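User: I'm new to reading protein models and would like some help with this one. Could you take a close look at one part of it for me, after a quick word on the whole?

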Amino acid sequence: MIIQRIPLVSVILLFLLMIVLHIIANLIGLYQTSIVWIDKILHLLAGSAMALFWLWYNQRKEVKTRKEVLYILVFVITLAVVWEIIEFVFSSVFTTYALMFNIYSPSILEAAVDIVANAVGGLIIILFVKKE
């Protein structure tokens, strides 16, 4: 299988969309309401963006489907774990700012669900670009 060419602008636009949605959610208070799922949508988008970045970076590489799927998932999950560690450290060191900007996970379960949401976002991209 040869992976479709993924334009870098697609990856950048998806990351920008995540940032804009996070800012809007903060400004209108979505994190403080019953609409807590906005965080999961952002993590799905993050996983999708990470998978797109992987595909963009390796766009000329010829790969086998299962191998590529594994590489993408490991890449997405690794970045998700690193992000959750950064969130934990940021919230420990800069608690006021972490709470102000909603850049923290309130529990280990929340962090684990965020990582799963990132992986699902990566899987969604895999389903769209997979060719048989």
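Of the contacts in the chain with a separation of 6 or more, what percentage comes from residues 24 or more positions apart? After that, please walk me through helix α1, residues 8-28.

Analyst: Sure! Keep in mind that this is a predicted model. As for your question, the figure is 75%: that is the part of the contacts with a separation of 6 or more that residues 24 or more positions apart account for. The chain has 5 helices and 0 strands, so to read it from the N terminus you just say α five times: α-α-α-α-α. Buried residues make up 38% of its 132 residues. The chain exposes about 8,400 Å², and carbon and sulfur atoms supply 75% of that.

Now for your helix. α1 has 21 residues, and at 1.5 Å a residue they should span 30 Å; the C-alpha atoms at its ends are 30 Å apart, so the two agree. Which of its residues are tucked away? Val11, Leu14, Met18, His22 and Ala25 are buried in α1. Look down the helix axis and these buried residues fall within an arc of 75°, so they line one face. A bit of background helps here: an α-helix has 3.6 residues a turn, so residues three or four places apart point the same way.

Flip over to the face turned away from that buried side, and you'll find Leu13, Leu27 and Ile28, which are exposed. Just past the end of α1 comes Gly29, with a positive phi of about 80°.

What do the buried residues of α1 pack against? Their partners are α2 (38-57) and α4 (95-101). Let's follow the α2 side for a moment. Of the 20 residues in α2, 14 are buried, so that helix is mostly covered. From first C-alpha to last, α2 reaches 28 Å, close to the 28 Å expected at 1.5 Å a residue.

One more stop, over in α3 (residues 65-93), where Glu84 sits. Glu84 is buried yet has no salt bridge. The nearest side chain of opposite charge belongs to Lys40, 7.6 Å away, while a salt bridge needs the charged atoms within 4 Å. Leaving out residues up to four places away in sequence, Glu84 touches His43, Ser105, Ala111, Asp114 and Ile115.

Terms used
Residues are numbered from 1 along each chain as its sequence is written. This is a predicted model: local features need pLDDT of at least 70, side-chain atom pairs count only at pLDDT 80 or more; totals for chains, interfaces and linings use all residues. Side-chain values use heavy atoms; hydrogens and water are left out. Helices (H or I, at least four residues) and strands (E, at least two) are DSSP runs, numbered from the N terminus. Buried means under 20% relative accessible area, exposed over 50%, partly exposed in between (1.4 Å probe, protein chains only). Contact means heavy atoms within 4.5 Å. Accessible areas come from the Shrake-Rupley method with a 1.4 Å probe; for residues, only the protein chains shown count as cover. Lys and Arg count as positive and Asp and Glu as negative; His and the chain ends are not counted. The expected span of a helix is 1.5 Å times one less than its number of residues. The arc is that of the directions from the helix axis to the C-beta atoms.
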